[in-house]
Amino acid sequence: MIDLKKAMDDADRYLDDLKGLIAAIGTAPFGEVAKALGKARDEGRMIFVVGNGGSAATANHFYCDFGKNAAGPDDKRFRICTLAEQVCAITALGNDCGYEKTFSMQLANLFTDGDVLISISASGNSPNVVEAAEYAKGRGGLLISLTGFGGGRLAAISDISLNVASDSYERVEDAHLAMCHMIVWMFKMQRKGLAV
């Protein structure tokens, strides 16, 4: 039988930890992300999003929300694409070329010099996410990363790094989704006449 008091105490601690982790990042990096994504829109650049597992779900969720909500019907649209939902491409590349190639080889077909890559990885060391990031950097792309733990290789090579300083996958992934929603919300609030 579950110890309800302990479960509630654990839930309280989890929520407190999560709020503290997000607050510790501060707002300045979100301003940098907003500026970079706004510039990408203005220049007609593509924005690509990648991640594995729970981070793939976050990448796909961000793609959906940002593509739908960040610009109004009469605004210039964002050109955004997720590479984490193409099951045929991911499994073919993983099987034939190696799992570390699943995103970089998709980028090779689509990425133009100067495009933007948003990489999501709790560890910051996922081989396929890091290889995609290195590919984008090699093409003069702007790299934005959402990481956890110590940030790993991904944070080290990023132009803009949003690191959740926790070694709990659950908290890192929850924070990443909240951060993605914050980015969408920032653009949504910029739309003329939209009330908070």
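Modeller: Two strands are said to pair if DSSP finds at least two bridges between them. Helices (H or I, at least four residues) and strands (E, at least two) are themselves DSSP runs, numbered from the N terminus. The model under discussion is predicted; local features need pLDDT of at least 70 and side-chain atom pairs count only at pLDDT 80 or more, while totals for chains, interfaces and linings use all residues. Residues are numbered from 1 along each chain as its sequence is written, and side-chain values use heavy atoms, with hydrogens and water left out.

Colleague: What makes S1 and S2 a pair, and in which sense do they run?

Modeller: Strand S1 (46-51) and strand S2 (residues 79-82) are joined by four bridges, and the requirement is at least two, so the two strands pair. Their sense is parallel. Within this pairing, Val49 stands opposite Thr82 of S2.

Colleague: How many bridges join S3 to S4?

Modeller: Six bridges join these two strands, which run parallel; the criterion for pairing is therefore satisfied. Ile120 stands opposite Leu146 in S4.

Colleague: How do you know that S1 is covered on both faces?

Modeller: The term buried means under 20% relative accessible area, exposed means over 50%, and partly exposed lies in between (1.4 Å probe, protein chains only). Met46, Phe48 and Val50 on one side of S1 are buried, as are Ile47, Val49 and Gly51 on the other. That makes six of its six residues buried. In S4, five of six residues are buried.

Colleague: Why is Ser55 called buried?

Modeller: Its relative accessibility is 4%, and the limit is under 20%, so Ser55 counts as buried. Ser55 lies in helix H3. Leaving aside neighbours within four places in sequence, it is in contact (heavy atoms within 4.5 Å) with Ile120, Ser121, Ala122 and Glu173.

Colleague: What makes a set of residues a nonpolar core?

Modeller: The set must consist of buried Ala, Val, Leu, Ile, Met, Phe, Trp, Tyr and Cys residues joined through side-chain atoms within 4.5 Å. In soluble globular proteins, nonpolar side chains tend to be buried together. The largest core here has 37 residues, and Leu37, Ile47, Phe62, Phe66, Ile118 and Ile144 touch the most other members. Elements that each supply at least two residues include helix H1 (4-25), helix H2 (28-43), strand S3 (116-121) and helix H8 (169-190). The largest share, seven residues, comes from H8. Apart from neighbours within four places in sequence, Ile118 is in contact with Leu37, Ile47, Phe48, Val49, Val50, Phe62, Ile144 and Leu146. A second, separate core of 17 residues includes Val50, Leu117, Val129 and Ala136.

Colleague: How do you know that the length of helix H6 agrees with expectation?

Modeller: The expected span of a helix is 1.5 Å times one less than its number of residues. For the 12 residues of H6 (residues 127-138) this gives 16 Å, and the end C-alpha atoms are 16 Å apart, so the two values agree. Asn128, Val129, Val130, Ala132, Ala133 and Ala136 of H6 are buried. These buried residues pack against S1, helix H5 (104-110), S3, S4 and helix H7 (152-157). H6 is followed by Gly140, whose phi is positive, near 75°.

Colleague: Why is Tyr135 called partly exposed?

Modeller: Its relative accessible area is 22%, which falls between the two limits, so Tyr135 is partly exposed. Tyr135 is found in H6. Not counting residues up to four places away in sequence, Tyr135 touches Ser104, Leu107, Ala108 and Phe111. The C-alpha atoms of Tyr135 and Leu107 are 7.8 Å apart, although the two residues are 28 apart in sequence.

Colleague: What is the sign of phi at Phe149?

Modeller: Phi of Phe149 is positive, near 50°, in a residue other than glycine. Phe149 is found in the loop between S4 and H7, and is partly exposed, with a relative accessible area of 26%.

Colleague: Why is no bond assigned between Cys97 and Cys88?

Modeller: A disulfide is a pair of cysteine sulfur atoms within 2.5 Å. The sulfur of Cys97 is 15 Å from the closest cysteine sulfur, in Cys88, and is therefore too far for a bond. For Cys64, the nearest cysteine sulfur, that of Cys180, is 12 Å away, and Cys64 is in no disulfide. The structure holds zero disulfides. Cys64 is partly exposed at 42% relative accessible area, and Cys97 is partly exposed at 35%.
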